[in-house]
Amino acid sequence: AAIVTGLVFIATMNNKKFKTEINLYSNDRVLREINEIPKFSLSSFDFLKYLHKNSKSFSNKEPDENKFALIYSQKITVESEDNNPNVKIKFNSSSIDEGNKLAQEYATFANNYINNKETDFLNTQLKLLQEQYDFINKNTDIRTTKDTLTDTLVARLGYYKLLKNDTSPLLKLINYTTKPAINKKLVLVLAVFMGLFIGSLLAIIKEFSKTLNFKNIKK
């Protein structure tokens, strides 16, 4: 038990891996409207390349953005549930400082990245809707028409204009934590039990071997 616990203690003390968890609150209604679901958008290679270009928190950052995206696509996980605005991001870091800095930057970059996506989407949609609106307005009086498609067009045009003027963040940082990647206390307790089990097993084997007559067994 002492040997196993000692070895595990040395191994855990030398473990320099940390786990960071970030909790974000998303404007779920708008994100679904522009088809930018955080679970997929923030897991994309495109966002990881954006993070590679802008973040200064990574220690020994891989210079090649494609390799960086491949590595961190396996290290960073984004979790969210349907009809739930909360988004949880988990990733491993080499130090507490790196984890905390990256957590703060991640929230900012995630919001900026999706905000750029929203701007591109709204600009494209507003241009198309405005062209349709102008065309219909030249031929009919939109104020008096009762055409369902026209009403939908006007409502969507107005809604997208409201979204474009809305300055509230799409993703907002709630909190974050950085802690050791492994629970050292739990690992040490398990090591003690494992050591006792191995020690007991060896003792039983040793005592059992005393009851054996190896000369008769050999014969």
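The residues lining the largest cavity of this predicted model divide into three nonpolar, two polar and two charged. They are Asn27, Val30, Glu118, Leu163, Asp166, Ser168 and Leu170. By the usual grouping, Val and Leu count as nonpolar, Asp and Glu as charged, and Asn and Ser fall among the polar residues. The volume of the largest cavity is about 50 Å³, and the structure holds one cavity of 30 Å³ or more.

One of the lining residues, asparagine 27, is a helpful place to start looking around. Asparagine 27 sits in the loop between strand S1 (18-26) and helix H2 (28-33). Is this residue buried or exposed? Its relative accessibility is 18%, so asparagine 27 counts as buried, the cut-off being under 20%. Once neighbours within four places in sequence are set aside, asparagine 27 is in contact with Ser168, Pro169 and Leu170. Ser168 and Leu170 also belong to the cavity lining.

Another loop residue, asparagine 35, makes a good companion to this one. Asparagine 35 lies in the loop between H2 and H3, and with a relative accessibility of 61% it counts as exposed. The backbone here is worth a look: asparagine 35 has a positive phi of about 60°, although it is not a glycine. Most residues other than glycine have a negative phi.

Stepping back to the whole chain, the secondary structure comes to nine helices and four strands. Along the sequence, these elements follow the pattern α-β-α-α-α-α-β-β-α-α-β-α-α. The protein chain has 219 residues, of which 28% count as buried. Among contacts with a separation of 6 or more, 79% are between residues 24 or more positions apart.

The next stop is the interior. The largest nonpolar core has 36 residues, and those with the most contacts inside it are Leu42, Phe47, Ile76, Ile89, Tyr106 and Ile114. Two or more residues of this core come from each of S1, H2, H4, H5, strand S3 (86-93), H6 and helix H7 (148-165). Which element gives the largest share of this core? That element is H6, with 11 residues. In soluble globular proteins, nonpolar side chains tend to be buried together.

Isoleucine 89 gives a closer view of the core. With neighbours within four places in sequence left aside, isoleucine 89 is in contact with Thr20, Glu21, Ile22, Leu24, Ile76, Thr77, Val78 and Tyr106. Ile76 and Tyr106 are also listed among the core residues with the most contacts.

Helix H4 (residues 45-54) offers a second view, since Phe47, Leu48, Tyr50, Leu51 and His52 are buried there. An α-helix has 3.6 residues a turn, so residues three or four places apart point the same way. The buried residues of H4 pack against helix H3 (38-41), helix H5 (65-75) and helix H6 (96-139).

Helix H6 is also home to threonine 108. Threonine 108 has a relative accessible area of 44%, which means that it is partly exposed. Its side chain reaches the backbone oxygen of glutamine 104 at 3.4 Å. What distance separates the C-alpha atoms of threonine 108 and proline 169? These atoms are separated by 9.6 Å, while the two residues are 61 residues apart along the chain. Proline 169 has already appeared above, as one of the contacts of asparagine 27.

Note on methods. Residues are numbered from 1 along each chain as its sequence is written. This is a predicted model: local features need pLDDT of at least 70, side-chain atom pairs count only at pLDDT 80 or more; totals for chains, interfaces and linings use all residues. Side-chain values use heavy atoms; hydrogens and water are left out. On a 1 Å grid over the protein atoms alone, a cavity is a set of points where a 1.4 Å probe fits but cannot get out, and a pocket is an open set with protein on both sides within 12 Å along at least five of seven lines; lining residues have an atom within 4 Å of a point. Grid points are joined across faces, edges and corners, and a volume is the space filled by probe spheres set on the points. Buried means under 20% relative accessible area, exposed over 50%, partly exposed in between (1.4 Å probe, protein chains only). Contact means heavy atoms within 4.5 Å. A polar contact is a pair of N or O atoms within 3.5 Å; within protein, one must be able to donate a hydrogen and the other to accept it, and residues adjacent in sequence count only if both atoms are side-chain atoms. A nonpolar core is a set of buried Ala, Val, Leu, Ile, Met, Phe, Trp, Tyr and Cys residues joined through side-chain atoms within 4.5 Å.
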